[in-house]
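Please look over the structure below with this briefing in hand. It takes up the nonpolar core, a pair of helices and the cysteines.

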Amino acid sequence: MNKKKAPHDHGEHLDSIINSIPKDKDFYNVAEIFKQLNDLSRLKIFFILCHVEECVTNISYITNMTSPAVSHHLKSLKNCSLIISKRKGKEVYYKAALSKKAQSLHHMIENLIKITCPSE
């Protein structure tokens, strides 16, 4: 079997690099998560829900956003499995999921905030 050669052979082991690259669907899943962080309001809402369970009305108050706008962002975060919800009477409460994905994202955000906004 003829092995395909790289355009420039620098003596590296390109086969091992090529074989270790995740599948496109894996990169797609990561890109979908990062899309959630591309919006300042959504990022702020996720950050809040990493620290407290809250209803739409209070999230609206905290973020100075309308309830429909908050609901739109919550739906997006929930579709990505970054947050979960539960109903208590007439209210629905939201919080960050306990998944490894959500927790990793939470830690990443907090670490980036510490790096970019160091305290005095």
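The largest nonpolar core, a set of buried Ala, Val, Leu, Ile, Met, Phe, Trp, Tyr and Cys residues joined through side-chain atoms within 4.5 Å, has 21 residues, and those with the most contacts inside it are Ile45, Phe46 and Leu74; buried here means under 20% relative accessible area with a 1.4 Å probe, protein chains only. This is a predicted model, in which local features need pLDDT of at least 70 and side-chain atom pairs count only at pLDDT 80 or more, while totals for chains, interfaces and linings use all residues. Residues are numbered from 1 along each chain as its sequence is written, and side-chain values use heavy atoms, with hydrogens and water left out.

**Core**
- Helix 3, helix 4 (56–63), helix 5 (67–79), strand 3 (91–96) and helix 6 each give two or more residues to this core, helices being DSSP runs of H or I with at least four residues and strands runs of E with at least two, numbered from the N terminus.
- The largest share of the core, four residues, comes from helix 3.

**Helix pair**
- The axes of helix 3 (residues 40–51) and helix 6 (residues 100–116) come within 11 Å and cross at roughly 110°, where axes are lines fitted to C-alpha atoms over the stretch in contact and angles run from 0 to 180 degrees between N-to-C directions.
- That makes helix 3 roughly perpendicular to helix 6, a term for angles of 65 to 115 degrees.

**Cysteines**
- The count comes to zero disulfides, a disulfide being a pair of cysteine sulfur atoms within 2.5 Å.
- Cys50 is in no disulfide because the nearest cysteine sulfur, that of Cys80, is 14 Å away, too far for a bond.
- Cys50 is buried, with a relative accessible area of 18%, and Cys80 is buried at 11%.

Terms used. Buried < 20%, exposed > 50% of the residue type's maximum accessible area, 1.4 Å probe, protein only. Parallel < 35°, antiparallel > 145°, perpendicular 65-115°, else oblique.
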